[in-house]
Amino acid sequence: MILLEIDMGKNKVEKQEIDASGPLEAAITIHKKYETWRLDPLSPEAPIVFGMGPFVGGKLYGVHRLIFVFKSPQTKTLHVSALGGAAYKAMGMGAQAVAIRGRAEKPTAVFIANGQVEFAEIKPSDAYNLIKELYETRRDFFIQNDARALVVGPASWTTYNGAIVSVDIDVKKGEFRLGAEDFAARGGPGTALAQGHNVVAIVVGGPKKPLYEKAADAEAINQLFRQRLGKPYLDVLNEKTVKYRYDPKIGTGGTFGVNYPHYRDLLPLFGYKSIYMPKEERIKHADLVLELFWKPFQVEVFEKAKSWYNCGEPCPVVCKKVWRGKKVDYESFHAAGPFIGNYLLQEAVPVVDEIDKLGLDAIEMGHVIAWLFDAVYTGLLKPEEVGLDDVPAFDPSSFDPVKDSRRNAKLALALVRNFVNNSTDVLALVAKHGIRKAARELERRYADRVRERGVRFRDLAVYAAYGAEGYMTPNFYWAPGLVAPMYVLGRYWTNYNPTFMSPEDFAKTSYERAVAEALVDNAGICRFHRGWAEPVLKELYQLVGARPPAALYREIAYYAKLSGAEPMPWESKRTRDLVSALAKELGSKEWRFEDYDDYYEWWIRFKEALDKLILA
Ligand code: SF4
C-alpha cells in the first residue's frame with residue numbers, strides 16, 4: 001500500500017510503498033520500524049498512523065472508517081480508534097495510510113489531497129469552531145477536494161483524554177451535516193496528536209475512486225454473497241444491520257434506542273454502583289431510565305419523525321439518530337446520563353455538547369465524572385477540591401430522579417470544564433495522569449481520609465490495568481470481559497456480553513472476538529456491518545486482489561510486552577466486584593470469589609489461556 005510519512009519537524013513528506021493489508025498492519029510495521037515501545041507515548045518520534053481499508057470507493061457499504069493507531073497516553077501501549085465515514089473523503093488523499101511523526105514548531109493544520117501535503121499555522125480552539133474556521137479560511141481546498149476535517153479540541157492540550165473530532169461539512173453550503181460527526185476517542189489519540197506532534201487539524205480529501213477496481217463490481221459482490229450466504233449483498237446487509245437502523249420487533253433502532261430496553265437493569269448506573277443493588281431495585285431504576293431518559297428520544301426520533309442520518313458515507317443503515325439537532329449515541333449519552341446519576345435526557349445534552357466541543361473521549365469522561373462524584377460523595381474529596389460548590393447526589397437508594405438529576409448534570413458540566421482547565425490541583429493531577437496514577441497519588445496525599453472512610457480512591461473506579469501506569473476504563477456494560485486481561489480494551493475487542501464462565505472458556509471467546517474486531521478495523525469496516533462482513537472477509541480480499549492480513553492481535557500483544565504494558569491483575573475493589581457480582585447474579589456455583597486469591601486465580605488462568613491462544 002502507499003503510505004505517506006509526514007515529518008512535522010521538517011515539513012517533509014515521504015511517499016513509501018509498504019507491504020501491509022490495512023491501516024492496523026501498516027501501523028504495526030511503522031511502530032516496529034521506530035521501536036516505539038521504547039518511547040513515551042507523547043514523544044514526537046512515536047508516530048500516529050491513520051488510514052483506510054482496501055474496500056473504499058466501490059459498491060460496499062460501511063467500509064469507510066478511518067482507523068487511528070497510536071501509542072496511547074492512557075494504556076501506554078498500542079491502541080486503535082476508529083472514526084466513522086471519514087475515509088469516504090480520505091480515499092482521495094493519494095495514499096491508503098499516513099504516519100505523522102516529529103513535532104511542528106507551531107500548532108499546525110495539515111492538508112492532504114491527491115498525494116500533495118500542505119501545512120498551515122493555526123490557533124487551537126474548540127473542536128466545532130475549529131472545523132468552521134478551517135472551512136472559512138480554506139474554502140477552496142474543501143470545495144475542490146470535497147474535504148473533511150479531523151481536529152483536536154482544547155482537551156487534547158491539557159489532558160490525557162483528548163479525542164480526534166470530525167464533523168462532515170456540506171462543502172457547497174458550508175453547513176455541518178447532521179449526524180455525520182464522529183470521534184476517534186478512546187485512549188487519547190487527540191492528546192498524542194496535539195502534545196506529541198503539535199498538530200491541531202488534518203484535512204483530507206481528493207478525487208473519489210476505489211483503491212481496487214473490483215470493489216466497484218456489484219455483480220461480482222452479489223455473486224460472492226449468493227455463493228457464501230445464499231442471498232444478494234443488500235439482502236444480507238439489511239438483515240444483519242437491522243438493530244442499528246430500525247428493528248420492528250422492538251420498535252426502535254441505533255445503539256441508544258436498543259440498549260436501554262434490551263439490557264434494562266444490567267446497564268451500569270452511578271459509576272457501576274448499581275452492581276451492589278438487588279435486582280428488584282435495579283429494575284425500578286431501569287424503569288425510571290426508560291421513562292425519563294429513553295422515551296423522550298424514542299417518541300421524537302422513531303414515533304413522530306425519522307431523524308436518521310449516516311456518518312458521512314452513503315450507508316443505508318443510517319444509524320445516527322438525531323434528537324433535536326443532537327446526535328444521540330448510547331455511550332456518550334450514558335456517560336452524561338445514568339452512569340453519572342442523571343436520568344433526564346434533556347439535562348445530558350449540554351454535558352455531551354461540552355464534552356464534544358472540548359474534544360474529550362465521552363466514555364472516559366463519564367468514568368472520571370462518576371469517580372470524582374463518588375470521591376466527593378464518600379468524603380474522600382471536598383467539593384471545592386474539584387471546583388464544585390455542592391456534593392453530588394450519588395446514592396442510588398435515596399436518589400430523586402428529577403431533582404437530583406438536575407443537580408448532578410449541573411455539577412457534571414462544571415466538572416468537565418474544570419477538568420479541561422486544570423482548575424484545581426486535584427484536577428490537574430487527574431488530567432495529566434488519568435484515573436489510575438492519580439488515585440495512587442491521592443491515596444498518599446489524603447491518607448488520613450482514606451483511613452477514616454475505610455475506602456481507597458482506586459476502589460471507587462473501574463478499570464483494567466496495564467504495566468505500571470497504564471489503564472483502560474470499560475465501555476458501559478456490566479461484562480467481565482471488559483476488564484479481563486485482554487491486550488486492547490475500551491472497545492469491543494473482547495467478549496463484551498453480560499455473561500460469566502470459566503476463565504479458559506472466557507479467554508477463548510474473548511480472543512475470538514478480539515481477532516475478529518482487529519480484522520474488521522484493519523479492513524476499515526464499521527463494526528455495525530460486522531454481521532455480513534466477517535463471514536466473507538477473506539473472500540473480499542481475494543475478490544479485490546489484496547493480500548489478507550497477518551496475525552494482528554499477536555503483534556499487538558507482543559508490542560504490549562515490549563512496552564512493559566501487559567495486562568495487570570485487578571487492583572480496584574469495584575472492578576473485582578463487577579466480576580464477582582455478575583457471577584453471583586448468573587448463579588455461578590464454581591466461582592464464589594470469597595477472597596482475593598479467587599479473583600487472582602480467575603484472572604491469571606484467563607491470562608495464561610489467552611497467551612496460549614495467541615501463541616498457537
Ligand atoms: S452503520 Fe452508521 S456508522 Fe456505520 S457506516 Fe453506516 S451510518 Fe456509518
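Me: Helix H11 comes up first. Which residues of H11 are buried?

Reply: A general idea helps here. An α-helix has 3.6 residues a turn, so residues three or four places apart point the same way. Now the case. In this predicted model, the buried residues of H11 are Arg 282, His 285, Ala 286, Val 289, Leu 290, Phe 293, Trp 294, Phe 297, Gln 298, Val 301 and Phe 302.

Me: Where does helix H11 bend?

Reply: At Trp 294, by about 50°. The helix covers residues 279–304. A proline, Pro 296, follows the bend within four residues. Trp 294 is also among the buried residues of H11.

Me: Next, the backbone. How should I read the phi of Arg 264?

Reply: Start with the rule. Most residues other than glycine have a negative phi, and most peptide bonds are trans. Arg 264 has a positive phi, near 45°. Arg 264 sits in the loop between helix H10 (254–263) and H11.

Me: What is the phi of Tyr 272?

Reply: About 75°, again positive in a residue that is not a glycine. Tyr 272 belongs to the loop between H10 and H11.

Me: Are Arg 264 and Tyr 272 buried or exposed?

Reply: Use the cut-off: buried means under 20% relative accessible area. Tyr 272 has 1%, so Tyr 272 counts as buried. Arg 264 has 34% and is partly exposed.

Me: Now the domains. Which domains does the assignment give?

Reply: Domain 1 spans 2–213, and domain 2 spans 244–458. Their centres, taken over C-alpha atoms, are 28 Å apart.

Me: How many residues of domain 1 and domain 2 are in contact?

Reply: 34 residues of domain 1 meet 32 residues of domain 2. The two domains bury about 2,500 Å² between them. Carbon and sulfur atoms give 54% of that area. On the domain 1 side, Tyr 160, Asn 161 and Leu 178 supply 24% of the area buried against domain 2. That is more than any other three residues.

Me: What does Thr 191 touch?

Reply: Thr 191 lies in helix H6 (residues 189–197). Leaving aside neighbours within four places in sequence, the contacts of Thr 191 are Leu 42, Pro 73, Ala 155, Ser 156, Thr 159, Tyr 160, Asn 161, Gly 162 and Gly 196. With a relative accessible area of 1%, Thr 191 is buried. Tyr 160 and Asn 161 appear in this contact list, and Tyr 160 and Asn 161 are also among the leading contributors from domain 1.

Me: Two arginines next. Which helices hold Arg 449 and Arg 228?

Reply: Arg 449 is in helix H17 (residues 447–453). Arg 228 is in helix H7 (residues 218–229). Arg 449 is buried, at 13% relative accessible area. Arg 228 is partly exposed, at 37%.

Me: What do Arg 449 and Arg 228 touch?

Reply: Not counting residues up to four places away in sequence, Arg 449 touches Gly 379, Leu 380, Leu 381, Lys 382, Glu 385 and Gly 454. On that basis Arg 228 touches Pro 535, Val 536 and Glu 539. Arg 228 and Glu 539 are 311 residues apart in sequence, yet 9.2 Å apart from C-alpha to C-alpha.

Me: Last, the ligand. Which residues are around the ligand?

Reply: They are Gly 62, Arg 65, Asn 310, Cys 311, Glu 313, Cys 315, Val 317, Cys 319, Lys 320, Cys 526, Phe 528 and His 529. By type, the shell divides into six nonpolar, three polar and three charged residues.

Definitions and conventions:
Residues numbered from 1 in each chain as written. Predicted model: local features only at pLDDT ≥ 70, side-chain atom pairs only at ≥ 80, totals over all residues. Heavy atoms only, no water. Near = heavy atom within 4 Å. Nonpolar A, V, L, I, M, F, W, Y, C, P; charged D, E, K, R; others polar. Bend = angle between axes of the 7 residues up to and from the residue. Buried < 20%, exposed > 50% of the residue type's maximum accessible area, 1.4 Å probe, protein only. Domains from an automatic or database assignment. Contact = heavy atoms within 4.5 Å. Buried area = accessible area lost by both parts, 1.4 Å probe.
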